[in-house]
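Work through the three exercises below with the structure open beside you. Try each task before reading its solution.

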Amino acid sequence: MKKILTGVKPTGDQMHLGNLLGAVLPFKKLAEKNDSAIFIADLHALTSVKSAEDLKRNTHEMALTYFSIFGIDTPVHIFRQSDIPLIPKLNWILNNVTPYSLMLRAHSFKDSLFNDALQKQKEWERNAGKETANEFNKKYKNHPFNDDNEISSQVDSIYAEQFKKVPILNMGVFNYPILMAADILAYDTDIVPVGQDQKQHLEMTRDIAKAFNKTYKTDIFKLPTEYIEKDVATLPGIDGRKMSKSYGNFIGLFDDDKTLKKKVMSIVTDSKGVDDIKNPDECNVFALIRTFATPVRVESIRAKYLAPGYGYGHAKLELLEILTEYLKPYHDARAMLEKNPELIEAKLQEGARIMNARIEAKMQKVKEVVGL
Ligand code: ADP
Ligand code: TRP
């Protein structure tokens, strides 16, 4: 049995059917066969969520979502990152063996820097006219971060000059991968299921573990491996592109009946009429039917596409029924949990108790090794 751990950031985004099928259900399947835990990374969310109310609401929403999917009695430990006080301590210890140059290479940091730069550029365009903005742009294009060159006083001076007044990029964003390394290394994790965008963070986690082991001539930290789900089909959204929160084309796991109906009815199709023969394999409605209906029903709907008298309106109504049925267990579980917030809290506390107990001995050893 492997030790499996992953974290999800409570940023307030709704879970959609693409996330469910492409990430969460495959994780659940793997997790239930192993010794697994999933935590709500509320400390990580502090880099971007700046309202106590929002953070609390997002964290609760995330707990509701995961317990609705996994079941309240799941063998997978579900907990809140901030309920494990030794993690920030380990984070600090790891900070001191992590090279600055390693962190400068983090995509997450560079992306944030780039976003800030773009914002700054827009501001310049507004205030100082396009010409000055182009100057800035030229400088940014030659920015050493853009081609992975390391470091430098050059960066610092460009940064100081151009970004002095940009308070958006905080040290939490810069330190983010080290906190993530602490999350993973504290539990001797074997496997970390993540999306492709987190691959670099796992490489950094291994680098940080090696740096610690080398510095203190120990093998205390185990090197974890990422697990990136391959071969998952991409679920299309209501406009036919990949379902994604950034396209606003998603169907939410917990959309209410009215929203679900509105979204299904607005799925984009071609303009064939009721009596035209239609190609199911080129239809966005059918792509969702194929994913969520039983094989028998899929075949019966396929036959209807290939005969007159069946319009896209009919197909959409069938899809609505299929999705409503598919989502019902999740909606029922959520309705039950919404009435029992104290049950969720108790379960999160139980998860934290187990995970805290697991790292106590390890942290004792780490402290001995570094001399604390
Ligand atoms: P979004 O595109 O909505 O921003 P994320 O990038 O946050 O989604 O996705 C998190 C995980 O959910 C991804 O690693 C991927 O495995 C899965 N996922 C997201 N959208 C889809 C989709 N349309 N089809 C299949 N899997 C998806
Ligand atoms: N960085 C991850 C994300 O943005 C969330 C996360 C934090 C995480 N700590 C982790 C994932 C530890 C896996 C393991 O999605």
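**Exercise 1. Sort the shell around ligand 2 by residue class, then find where the shell comes from and which atoms meet the ligand.**

Step 1. The shell around ligand 2 holds seven nonpolar, four polar and two charged residues. Here Ala, Val, Leu, Ile, Met, Phe, Trp, Tyr, Cys and Pro count as nonpolar, Asp, Glu, Lys and Arg as charged, and the others, Gly among them, as polar.

A note on the model: it is predicted, so local features need pLDDT of at least 70 and side-chain atom pairs pLDDT 80 or more, while totals for chains, interfaces and linings use all residues. Residues are numbered from 1 along each chain as its sequence is written, chains are lettered from A and ligands numbered from 1 in the order in which they are written, and side-chain values use heavy atoms, without hydrogens and water.

Step 2. In total, 13 residues surround ligand 2. Each has a heavy atom within 4 Å of the ligand. The closest are Gly7, Tyr176, Met180, Asp183 and Gln198.

Step 3. Strand E1 (3–8) and helix H9 (171–185) each give at least two shell residues. H9 has the largest share, with four. Helices (H or I, at least four residues) and strands (E, at least two) are DSSP runs, numbered from the N terminus.

Step 4. Look at the nitrogen atoms of ligand 2. One lies 2.7 Å from a side-chain N or O atom of tyrosine 176. A polar side-chain atom of aspartate 183 is 2.8 Å from a ligand nitrogen. For glutamine 198 the distance is 2.9 Å. Taken alone, ligand 2 exposes 370 Å², and the protein buries 90% of that (Shrake-Rupley method, 1.4 Å probe).

**Exercise 2. Is asparagine 34 buried or exposed, and what does it touch?**

Step 1. Find asparagine 34 in the loop between helix H1 (17–32) and strand E2 (35–40).

Step 2. Its relative accessible area is 18%, so it is buried. Buried means under 20%, exposed over 50%, and partly exposed in between (1.4 Å probe, protein chains only).

Step 3. Not counting residues up to four places away in sequence, asparagine 34 touches Met1, Lys2 and Ile4 (heavy atoms within 4.5 Å). A polar atom of the asparagine 34 side chain lies 3.1 Å from the backbone nitrogen of lysine 2.

**Exercise 3. Place threonine 218 and list its contacts.**

Step 1. Threonine 218 sits in the loop between helix H10 (199–215) and strand E5 (225–227).

Step 2. With a relative accessible area of 22%, threonine 218 is partly exposed.

Step 3. Leaving aside neighbours within four places in sequence, threonine 218 contacts Phe212, Asn213 and Val369. Its side chain reaches the backbone nitrogen of isoleucine 220 at 3.0 Å.

Definitions and conventions
Polar contact = N/O pair within 3.5 Å; in protein donor to acceptor, adjacent residues only side chain to side chain.
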